[in-house]
Amino acid sequence: MTLKNTLLIAFAAITLISNSAGAYIVPGNPPPPAPVPRPAPYPGDDGYQPGYPGPGRDDFGNGYGRQEQKVIYINRRVVDETLELRQLAGIGQNYRGFTVESVVVDIRGSGPRAEVSLLTDGRLEESAYSPQGRLILRPRFGAVLGQDIRTLQLGVRGMAFVDSITINLRENGGGWGPGRPDRPGREQTVPLYVSRRMYGNDRLDLTQYIDMYRYRGMRIVAIDIEATPVFNTALIDVVINGFNQGPSLQVDRYRPMNSVFPQNAVLGQGADSIVLYTRGDLDIRGVTLRLSR
């Protein structure tokens, strides 16, 4: 027998023994099946399912700042009409606790005397005359659905050709609604819808944008200011009850967000006046208070 034949017979014997061992089944319970990997969520899907707190949610299923957009396609002339935005966008009771951050209206054209307004519970929040292009309307005060407001409307006086309306919503940190108190020590974000150009040595009183009765007794953890200079740089001083809160903020085009962290500033209890003093021309695009109990 040649060496080649010997090797072939040996290899066949090893293969036969391996197959026999693999076919032998040990008596007893069968092994559990291998776990099936969960598919990756689609973009924007937080994986939340009813009854199970998903990522970024607490034990009650509440979210932490999740944002959502609702788009309404109009594509027609609107003449002397009030549009019920919640009904058109399908914003029902399941959005209770969400904050309306802005309403963006895409307008193809409007009449010379047209006025487009954002209304909450019949109250005028912001308006524009003879708008064209993209119009951004923001509530001036608290706009939490089911808590601050119940109805959301877009009023059109005169004629405007409206292409679409986009409602930008944000789920509050925890989404505590009426009857569910804030957790002690939990930070609450309160956006102040400020949009104003400041010239030279100017002054802006933020108190007019805050519902002092509602937030009375809450401590100001931080004040976040979004601003851009008209030219190179500008300065902002934050003054609470006549006292400067830290050094001046230097605003430039590369750093639009600046924050101040007041010490022992409690709304309605020593923090009754919050004023921004500016030096240089700049646009203030938004101010946000971070509060806690």
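Salt bridges in a predicted model

At 32% relative accessibility, arginine 196 is classed as partly exposed. The model in which this residue sits is a predicted one. The side chain of arginine 196 meets that of aspartate 202 in a salt bridge, with 3.8 Å from N to O. This pair counts because a salt bridge requires the nitrogen to be within 4 Å of the carboxyl oxygen.

By that rule, the structure has 12 salt bridges. Another of them joins arginine 170 to glutamate 101, whose closest N and O atoms are 2.7 Å apart. Arginine 170 belongs to strand β6, which covers residues 152-171, while glutamate 101 belongs to strand β2, residues 98-110; the salt bridge therefore ties together parts that lie 69 residues apart in sequence. The two partners fall into separate accessibility classes. Arginine 170 has a relative accessible area of 10% and is buried, because buried means under 20%. Glutamate 101, with a relative accessible area of 21%, is partly exposed.

Strands β2 and β6 also hold the partners of a further pair, arginine 108 in β2 and aspartate 163 in β6. Their side chains form a salt bridge at 2.6 Å, N to O. Arginine 108 and aspartate 163 are 55 residues apart in sequence, so this contact too ties together separate parts of the chain. Here neither partner is buried: arginine 108 is partly exposed, with a relative accessible area of 48%, and aspartate 163 is partly exposed as well, at 24%.

Definitions and conventions:
Residues numbered from 1 in each chain as written. Predicted model: local features only at pLDDT ≥ 70, side-chain atom pairs only at ≥ 80, totals over all residues. Heavy atoms only, no water. Helix = DSSP H or I, 4+ residues; strand = E, 2+ residues; numbered from the N terminus. Buried < 20%, exposed > 50% of the residue type's maximum accessible area, 1.4 Å probe, protein only.
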